[in-house]
Structures are given as structure tokens and as C-alpha cells.
Amino acid sequence: MKNFFKYISLGACALAMATAAGCADTDGDGEGSFLWEGSENPENVSYRNPVWEPSLAGGTVLKGGSTFNAISQETQWAAGVDFACPSLLSSNLMNWSSSQEAFSYPTPTGETDAETGEAIMNPGSKPTWISGRITNLSADFARTLNSYYMFYSCDADNAIGAASTPSGLGPYTDLGCLLTAEDLGVTTLRQPHFSVIASTTFYLGYTTEAGSYIQQLNITRGKAPSLRGAAVKVAGPEFTNVCIYRLSKTEFYLFGTVTSGHNTQIRYGKGESVTGPFYDKNGTELTDGASNGELLVEGGTEYENPCNPMHLFESENGYYYLAYNATAIGRELMPSGFARQPLFVSPFSMDEEGWFTEVAVPASGWTAPRFE
């Protein structure tokens with residue numbers, strides 16, 4: 001009987017050697033004890049980037065009541081198939097599924113007008129006051145109003161519009177034009193970013209040829225948002241597509257996209273107020289373009305042009321996760337001809353002074369640690 005167990009032990013030891021586990025002959029009689037040290041499934045400690053393909057160009061990621069939502073610009077994920085701002089759903093920020101569309105296009109009812117003979121159309125929900133394609137948007141959850149609000153701009157009108165919905169995925173109801181370049185006395189107006197601060201105050205960021213600005217909003221349930229007070233310039237004209245994050249009552253971050261040579265980078269500054277001023281590590285202010293802040297995400301050998309910082313999310317593991325776009329080198333467009341900019345989510349840690357300690361380089365593959 002002892003020989004039987006000896007063969008079992010030797011077999012186990014051989015298996016352990018083959019699997020890099022330990023096997024020790026503790027009694028000196030050739031019979032060792034098998035020690036299984038286990039294995040770590042990569043999915044238990046990491047996740048794969050990009051978290052969504054083929055594209056979430058010009059889009060947004062937000063945390064709703066219990067899930068995460070993402071919405072893309074108007075696009076064609078498949079050639080010839082139009083999507084009116086497709087939306088995604090996730091329970092953990094790392095795994096996403098396609099859901100529906102934030103807006104809808106007009107569709108035929110199957111009936112014709114008796115007088116004109118033209119097809120009668122269902123109007124759809126895509127904003128009718130714009131003359132182009134929605135190319136940038138930002139949404140967030142107004143918890144105290146139990147509603148989601150979106151702000152968008154398009155490629156043909158230098159203006160920003162608003163929309164709302166009781167569900168982060170949509171469909172959104174258009175609330176019309178909020179702000180135009182003419183209102184501001186500028187030529188260009190684009191890249192809105194909507195932020196809900198401490199659940200009760202609302203801010204809109206946007207970019208013009210003169211720089212990037214932040215302005216407070218009045219938002220009341222059932223009414224279109226309106227501007228409150230004057231816009232505050234927070235960065236120079238090279239610091240675009242701004243995103244705001246509140247860490248505490250006196251710690252705020254401003255993220256933006258900055259052109260560097262033939263590439264773009266995501267950079268940031270810190271301030272004590274939601275409207276700044278924001279500074280780099282040397283104490284230089286971003287407002288007049290004297291500084292473009294600290295480097296946070298830069299291109300690499302696989303992906304270039306990181307851009308469009310959407311939102312920063314704090315995790316229970318002590319890390320902060322930034323959602324953004326990047327472009328695969330040599331795969332800038334989808335077969336439809338529309339921009340191919342996958343969604344990335346990268347983790348960052350902070351030092352004691354509140355500065356991020358890593359510079360991320362977007363790449364395909366496993367990323368750690370997982371969001372919790």
C-alpha cells in the first residue's frame with residue numbers, strides 16, 4: 001500500500017514540476033509532499049485595452065445610478081450604416097456592450113401624403129436645429145434631478161446644444177441651442193464638457209480659438225439649461241477639449257488635449273476652484289498659455305494621438321481611471337471612412353501632493369489593476 005502512495009506522490013511531483021509547482025522530499029524516503037501554489041487568471045487582476053472598439057470618437061463616458069454609460073459621436077461603425085450617437089453599457093467600466101442610440105433619425109411610416117405624394121416620416125429625435133453631424137458630446141448624471149443631461153456640438157455649426165433623458169443610454173430629448181460662437185464674440189465653439197460637481201452644481205467647459213472656458217449652468221427639471229454668470233478662461237488656445245474633476249472642496253483638476261509636434265497628448269493642471277486658476281507643478285498658470293500643464297497620456301509605437309479626456313473615475317483600490325480616445329497607427333479610419341478612435345481606460349496613482357505618478361501610453365493588451 002505504501003508503494004501505491006509512493007507512485008501517487010511521484011506522479012504528483014512530476015506534475016508539479018511540469019506546472020512549476022513545488023514538490024519536497026521532506027522525509028528523505030523519496031516520498032514528497034505536493035505543494036500547489038495556485039495560478040492567477042489575468043481577468044481576476046487586469047482587463048484588456050482598448051475597452052471598446054472600433055470607435056468612441058468624440059464621445060463620453062459617465063457613471064449613472066448603478067451602471068456606466070458611454071455615447072459616441074454620430075458615426076458609421078459599418079459602412080453605409082448610420083448611427084445617431086450609439087450608446088454602450090457597462091457594469092464595471094472595463095467590459096462594454098452595444099445597447100442603442102442616444103438619438104434617432106427620421107424613418108418612413110409607410111404612408112404617403114395624399115397631396116404631395118411624398119413619404120410621411122416619423123421625425124426622429126436627432127436635433128433639427130443643427131445643420132451637420134454631431135461630432136463632440138459630453139453627458140453626466142444629475143442625481144438630485146434624477147436625470148441625465150448631454151451637451152453636444154457639430155461639424156457645421158459653431159454652437160452647443162443640450163438634451164436630457166431619464167436613462168443614460170437614451171433616447172435623449174433635444175432641448176435646443178444653448179450657446180453660439182456669436183454669443184461669445186468668437187469664431188469657433190466646440191468640444192463641450194459637462195460636469196456635475198458635488199451633485200448640486202453644474203458646469204460647462206468648451207473651447208474657442210481664444211482658449212478654453214468654464215461656465216456655470218442653471219439646470220431645473222423639465223426646463224432647458226441656461227447659462228449662469230460669466231465664462232471663466234481656464235487655459236490657452238493650445239489646451240483644448242477640457243475635462244473637469246473634483247477631488248475635494250479645494251482640489252480640482254483640468255484635463256485637456258494638447259498638440260505636440262505631429263501627435264497629441266493629454267495633459268493636466270491643478271487648482272483650488274472649479275474655475276481655476278489651474279497650475280502645473282512649477283506653479284505656472286495655464287490660463288494664458290504660458291504652460292500646457294503636466295503630461296498624463298502620450299502616444300507610443302502602437303497607438304498615437306491620445307485625446308478627448310472624458311471623465312476621471314475614482315476606484316476603491318486607490319487608483320484613478322481616465323477614459324479617453326487614441327488612434328491605432330495605420331488604422332486611422334474605419335472602412336466607412338469615419339474616424340476609428342477606440343475607447344481606452346487607464347489607471348493612475350497620486351503622490352501625497354496630488355500629482356499623478358505615471359504617464360500612460362495606450363497599447364493593446366492586459367492592463368492592471370482592475371477597476372473596483
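Two strands are paired here if DSSP finds at least two bridges between them. Strands (E, at least two residues) and helices (H or I, at least four residues) are DSSP runs, numbered from the N terminus. The structure is a predicted model, in which local features need pLDDT of at least 70, side-chain atom pairs count only at pLDDT 80 or more, and totals for chains, interfaces and linings use all residues. Residues are numbered from 1 along each chain as its sequence is written, and side-chain values use heavy atoms, with hydrogens and water left out.

**View A. Strands β8 and β9 pair in the antiparallel sense.** Four bridges join β8 (residues 86-90) to β9. One residue pair to look for is Leu89 with its bridge partner in β9, Ser97.

**View B. The open sheet has four strands in the order β4-β5-β8-β9.** Pairing in this sheet is antiparallel. Its edges are β4 (60-63) and β9 (97-101), each of which pairs on one side only. From one strand to the next, the twist averages 25°; axes are lines fitted to C-alpha atoms, for helices over the stretch in contact, and angles run from 0 to 180 degrees between N-to-C directions.

**View C. Phe151 and Phe194 form a tilted aromatic pair.** Rings of Phe, Tyr and Trp (its six-membered ring) pair if their centres lie within 6.5 Å; planes under 30 degrees apart count as stacked, over 60 as edge-to-face and the rest as tilted. The structure holds 26 aromatic pairs. In the pair of Phe151 and Phe194, the centres are 4.9 Å apart and the planes meet at 50°. Phe151 belongs to strand β13 (residues 147-154) and Phe194 to strand β16 (residues 190-197), so the pair ties together parts that are 43 residues apart in sequence. Both Phe151 and Phe194 are buried (under 20% relative accessible area, with exposed over 50% and partly exposed in between; 1.4 Å probe, protein chains only).

**View D. The rings of Phe255 and Phe356 pair across distant parts of the chain.** Their centres lie 6.1 Å apart with the planes at 40°, so this pair is tilted. Phe255 is in strand β21 (residues 251-260), whereas Phe356 is in the loop between β26 (343-348) and β27 (365-367), 101 residues apart. Phe255 is buried, at 0% relative accessible area, and Phe356 is buried at 5%. Ring pairs link both residues into a cluster with Tyr245, Tyr253, Tyr268, Tyr320, Phe348 and Trp355.

**View E. The charged end of Lys63 sits over the ring of Phe68.** The distance to the ring centre is 5.5 Å. A charge sits over a ring if NZ of Lys or CZ of Arg is within 6 Å of the ring centre and within 35 degrees of the ring normal. Lys270 lies over the face of Trp355, 5.0 Å from the ring centre.
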